[in-house]
Amino acid sequence: MTRLLETQGLTAFYGDFQALFGIDVSVDEGECVALIGSNGAGKSTFLRAITGMIPARGQDVMFAGQHIAGWAADRIHKAGMAMVPEGRRLFPSLSVEENLLIGAAGKRPGPWSLDAVYELFPDLVAKRHNPGTALSGGQQQMVAIGRALMSNPQLLLCDEISLGLAPKVIKDIYTAVPKIRAGGTAILVVEQDVGQALAVADRVYCFMEGRVTLTGTPATLTRAQIAAAYFGTTEEAH
Ligand SMILES: Nc1ncnc2c1ncn2[C@@H]1O[C@H](COP(=O)(O)OP(=O)(O)OP(=O)(O)O)[C@@H](O)[C@H]1O
């Protein structure tokens, strides 16, 4: 496996407030990695730090063989990282199709196109000329994922894609993950639903208070270890 993303000792600050304390996370090409942890653990901050949305303070972030710490967000996007932001953030005055086409700005060569996104999410076909806001929450999430895929990213970052959605809808959305990986895209998901994270990911990192408290594969981690790493209970986390 070739290493796609690697952070070593990543820190992040909001003003004087330190939100991340030395995070080591890696994602290999084509891999699916999940970040889990409670509210405020630092998962979204990690995504913001690697995508250049908050300044990196000179630490090491390697992506696709390049040192990207300090790069502007649009340069990182063009290098092959695309984000599905928490809350979807569709453009309300634009149609589904226009929202998708916006994601094609800075497009790299690859398998994703409007047709491929509609094949991935057939529910969107009949809605293609509707405004993004006229969709259900699940359909809006599909547009947000499709928009990110339109740039043909090497790494797709998904921040809480199941938040506020019904279990059936979450299941539908997660069925897209193997198809996205089949196109060669690695996925880093932030997911509060631990069961969902363990079901979809090759490896999991648990964050607590700005630190990684546990990492491993779903097959090797026990529920007790995860609970300890997630909530800071007394059992030692490995
Ligand atoms: N814009 C901001 N300004 C100041 N502090 C922030 C900001 N965003 C997040 N924080 C703080 O940074 C810490 C990490 O927050 P972060 O949003 O990364 O956590 P999270 O694990 O993604 O949780 P959530 O699921 O709530 O998004 C928290 O203490 C939070 O209050």
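**View 1. Helix H9 and the glycine that comes after it.** In this predicted model, helix H9 is followed by glycine 232, a residue with a positive phi, near 70°. H9 itself runs over residues 223-231, and its buried residues are Ile226, Ala228, Ala229 and Tyr230. Look around them and you will find their cover, which includes strand E3 (32-36), helix H8 (194-200), strand E9 (203-208) and strand E10 (211-216).

**View 2. Cysteine 206 and its contacts.** Which residues are in contact with cysteine 206, leaving aside its neighbours within four places in sequence? They are Ile36, Gly37, Val212, Thr213, Leu214, Ile226, Ala229 and Tyr230. Three of these names may ring a bell: Ile226, Ala229 and Tyr230 are among the buried residues of H9. Cys206 also belongs to the largest nonpolar core, where Leu156, Leu157, Val189 and Cys206 touch the most other members. That core has 69 residues, and H5 gives the most to it, with 6 residues. As a general background, nonpolar side chains tend to be buried together in soluble globular proteins.

**View 3. Helix H5, enclosed by its surroundings.** Helix H5 covers residues 137-149, which makes 13 residues. From its first C-alpha to its last, H5 reaches 18 Å, close to the 18 Å expected at 1.5 Å a residue. Is this helix largely enclosed or largely open? Since 11 of its 13 residues are buried, H5 is largely enclosed by the rest of the structure. The buried residues of H5 include Met142, Val143, Ala144, Ile145 and Leu149, and Gln139, Gln140, Gln141 and Arg147 are buried too. Packed against the buried residues of H5 are two strands, E6 (81-84) and E7 (155-159), together with the helices H3 (96-102), H4 (114-120), H6 (167-174) and H7 (176-182).

**View 4. The shell around the ligand.** Here you can find the residues that surround the ligand: Tyr14, Phe17, Ala19, Gly37, Asn39, Gly40, Ala41, Gly42, Lys43, Ser44, Thr45 and Phe207. Two elements, strand E2 (17-28) and helix H1 (43-50), give two or more residues to this shell. H1 provides the largest share, 3 residues. Sorted by class, the shell has 5 nonpolar, 6 polar and 1 charged residues. One residue to spot in this view is Gly37, which is also in contact with cysteine 206.

**View 5. Isoleucine 187 in strand E8.** Strand E8 spans residues 186-190, and isoleucine 187 lies in it. Is isoleucine 187 buried or exposed? It has 24 other C-beta atoms within 10 Å, so isoleucine 187 is buried. Not counting residues up to four places away in sequence, isoleucine 187 touches Cys32, Leu156, Cys158, Val177, Ile180 and Arg181. Among these, Leu156 is one of the core residues that touch the most other members. Follow the chain for 18 residues from isoleucine 187 and you reach tyrosine 205, with the two C-alpha atoms 13 Å apart in space.

**View 6. Isoleucine 54 in a loop.** Isoleucine 54 sits in the loop between H1 and E4. With 17 C-beta neighbours inside 10 Å, isoleucine 54 counts as partly exposed. Its contacts, apart from neighbours within four places in sequence, are Ala12, Arg48 and Ala49. Alanine 72 is 18 residues away along the chain, and its C-alpha atom is separated from that of isoleucine 54 by 9.5 Å.

**View 7. Two loop residues with a positive phi.** Most residues other than glycine have a negative phi. Alanine 64, however, has a positive phi, near 50°. You can find alanine 64 in the loop between strand E4 (60-63) and strand E5 (66-67), where it counts as partly exposed, with 15 C-beta neighbours inside 10 Å. Glutamate 160 also has a positive phi, near 55°. The loop that holds glutamate 160 lies between E7 and H6, and with 19 other C-beta atoms within 10 Å glutamate 160 is partly exposed.

**View 8. Stepping back to the protein chain.** How many helices and strands does the protein chain have? There are 9 helices and 10 strands. The radius of gyration is 17 Å, close to the 18 Å that the globule rule gives for 238 residues, so the protein chain is as compact as a globular protein of that length. Buried residues make up 42% of the protein chain.

How values were computed
Residues numbered from 1 in each chain as written. Predicted model: local features only at pLDDT ≥ 70, side-chain atom pairs only at ≥ 80, totals over all residues. Helix = DSSP H or I, 4+ residues; strand = E, 2+ residues; numbered from the N terminus. Expected span 1.5 Å × (residues − 1). Buried ≥ 20, exposed ≤ 12 C-beta atoms within 10 Å, placed from the backbone. Contact = placed C-beta atoms within 7 Å. Near = placed C-beta within 6 Å. Nonpolar A, V, L, I, M, F, W, Y, C, P; charged D, E, K, R; others polar. Core = buried A, V, L, I, M, F, W, Y, C linked by C-beta atoms within 7 Å. Rg over C-alpha atoms; globule rule 2.2 N^0.38 Å.
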